[in-house]
Amino acid sequence: MKQFQLAYENDISFQSELEKIDHWRSANPSYTTIFRIYASGVDMEEIKHVCDILDEKMPDALYLGCASHANILDGAFADAKITMSCTIFEYETTRVKLLQLPFTEDRMIDSARELKEYCDANEWVSSVEMHATILGMPMRDFCAELCTLRSDIQVFGGGACNPDISDMGTTVFSKGKGFSTYGIVFLLLGGSDFHTYSMYISGWNPLERKFKVTRAERSVVYELDGEPAFNIYSRFLNIENNYDLVPNTLEFPLLMNDDGVDVLRSLIRVNDDDNSIIYTSEVPEGSDVRLAYGDPEMILTSIRHDGQNIADFQPDVIQVFSCAARKAFWSDENVSDETLVLNSIAPTSGFYTSGEFLRLDGIVRNFNSTLVIAAMREGEPKNERIISLYDAKLSEKESKRINLIRRFNAFIAASTAEFEELNRKLIVTSITDGLTKLYNRAEIESRIRSAIEERMQEEAPGALSLIMIDIDDFKKINDVYGHKEGDSVIVGISDVLRNVMSGVPSSAIGRWGGEEFMVLLPDSDINAATELAERIRTEFAAITYELSGCHTVSIGVAQAKDGEDADSLYCRVDEALYVAKANGKNQIVKQD
């Protein structure tokens, strides 16, 4: 496999380069030739002009391409608006096929199935490279359909993009099929002597603060933690919704977990009317997400360690799909640091995308802010000296930058931990009684009402019972021995309740009033509840207090009837307790 890389400057220099390539091919005109063309910030007519020259000067060559955020040539960021790589396959067994299909929301699944049908009918296919117009499109179902491809087929690729990533008017194209603003081009590669090794590099670390996606629809996130989604950028990062929005937020993508793999989502734009956010792909409602930041040292370490597998593979060419967010993160000055090292292994080219695709362990995922690498080779490894990547180092400028970022994240982590602990304490305080540490009246009542409402909605509701406890003659304890002794008695009955109910995980205990307590038993009938009540009565009566001696409780028990609401059940359990007090105290009365 041989690769030439070139940038289009003008017709004369381009035609001269094509003549050189054609001269090299003349030794064996049967070689299959394919051009990958990437165009950044040029109009469609100019791209068509380049394709017309290719059709005229090299009519047997195949080509495909797309609009790009920027281009990668010889492993480095390229200033040229149009770049291309020409790959020449030297083995007769290597086979290549182009499929360009529609890529709209109602056709993308059909296109995936058409690809599968072709692969099923052609066992030679071992790799599928994709170029697609994906911005704002729902990718989850499409990727799930691609998972049904034969398990031995590798899948990788990238989304067409523009220099302005929020501009969704992108395009893909291929020989014989023309240009499409809603399309996908599959480059199918394979053969008995064709080999591919694919992988990805992330390098984004999560900030400590976690958010819940409380309202979302496909790629639009309306609320995070119940607030307008853009609040997380304005509040925590001081980013404003202005012309610098996308460049600023590209450095802080959203991180979520997808079946054990961290994936990122980049912001495209903010809806001014409700501060919702459109991301490059789906963010499922209910997901836990965090903002993430790039770690240059981690990225280069991954290139050194994981990229060594590519060096060991000994490829002939390397194709890369790097997110536009990574270019924004590194800046033009340093963006080549993570890809140039690959060029020391084999000729490396590609483009900066609106999203990346890669199949991992059979699952096709749509990534953002990620570098996807596809290394290709014809034949067996050449057994030449394997290049070592371990000498790749950070520049002094990047070393200072990462130290600053790490200190910043350490500060956020510590502050977040303190905030979360304070918030936890506030939540506990708001729902618990200060003296007994049981639920307070508001919380136990809320839990009872919720349990009864759930029960009323069930077709075959189970048993639910309440136990209401009152300390007998409690006013006398306070009057004779003082409030401190009274508090000790209240704490004592609370400990008894906790002990008895420890074996009933579904139970909830709360302080109903001064010396009154309520126990919720969602899964107990009146007989089981009465047995528990008897344990409470006897265990409390066995306690001897230093000043006031022993005490007793009166208890009412009631089981909810079908269709009964909370207020009715409260009245019945309270009536049972009243009867227990009126009949002499220190006893249990059931309200059937």
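**Exercise 1. Find what share of the 592 residues of the protein counts as buried.**

Start with the cut-offs: buried means under 20% relative accessible area, exposed over 50%, and partly exposed in between, with a 1.4 Å probe and protein chains only. By that rule, 53% of the 592 residues count as buried. Keep in mind that this is a predicted model, where local features need pLDDT of at least 70, side-chain atom pairs count only at pLDDT 80 or more, and totals for chains, interfaces and linings use all residues. Residues are numbered from 1 along each chain as its sequence is written, and side-chain values use heavy atoms, with hydrogens and water left out.

**Exercise 2. Compare the radius of gyration of the protein with that of a compact globule.**

Step one is the rule: the radius is taken over C-alpha atoms, and the globule value is 2.2 Å times the number of residues to the power 0.38. For 592 residues this gives a value near 25 Å, but the protein has 34 Å. Step two, look at the spans: along the principal axes, the C-alpha trace covers about 110 × 55 × 50 Å.

**Exercise 3. Describe the surroundings of Ser369.**

First, place the residue. Helices (H or I, at least four residues) and strands (E, at least two) are DSSP runs, numbered from the N terminus; the protein has 16 helices and 31 strands. Ser369 sits in the loop between β25 (363-367) and β26 (371-378).

Next, judge its exposure: Ser369 counts as buried because its relative accessibility is 0%.

Then list its partners, taking contact as heavy atoms within 4.5 Å. Leaving aside neighbours within four places in sequence, Ser369 touches several residues, among them Trp204, Cys323, Arg326 and Glu356.

Last, check the side chain. A polar contact is a pair of N or O atoms within 3.5 Å; within protein, one must be able to donate a hydrogen and the other to accept it, and residues adjacent in sequence count only if both atoms are side-chain atoms. One such contact, of 3.2 Å, links the side chains of Ser369 and Ser266.

**Exercise 4. Work out what the backbone does at Asp74 and at Arg218.**

Begin with the background: most residues other than glycine have a negative phi. Asp74, not a glycine, has a positive phi of about 50°. Its place is the loop between β4 (70-73) and β5 (76-78), and at 40% relative accessibility Asp74 counts as partly exposed.

Now turn to Arg218, also not a glycine, with a positive phi of about 55°. Arg218 lies in the loop between β14 (204-217) and β15 (220-224) and, at 42% relative accessibility, counts as partly exposed.
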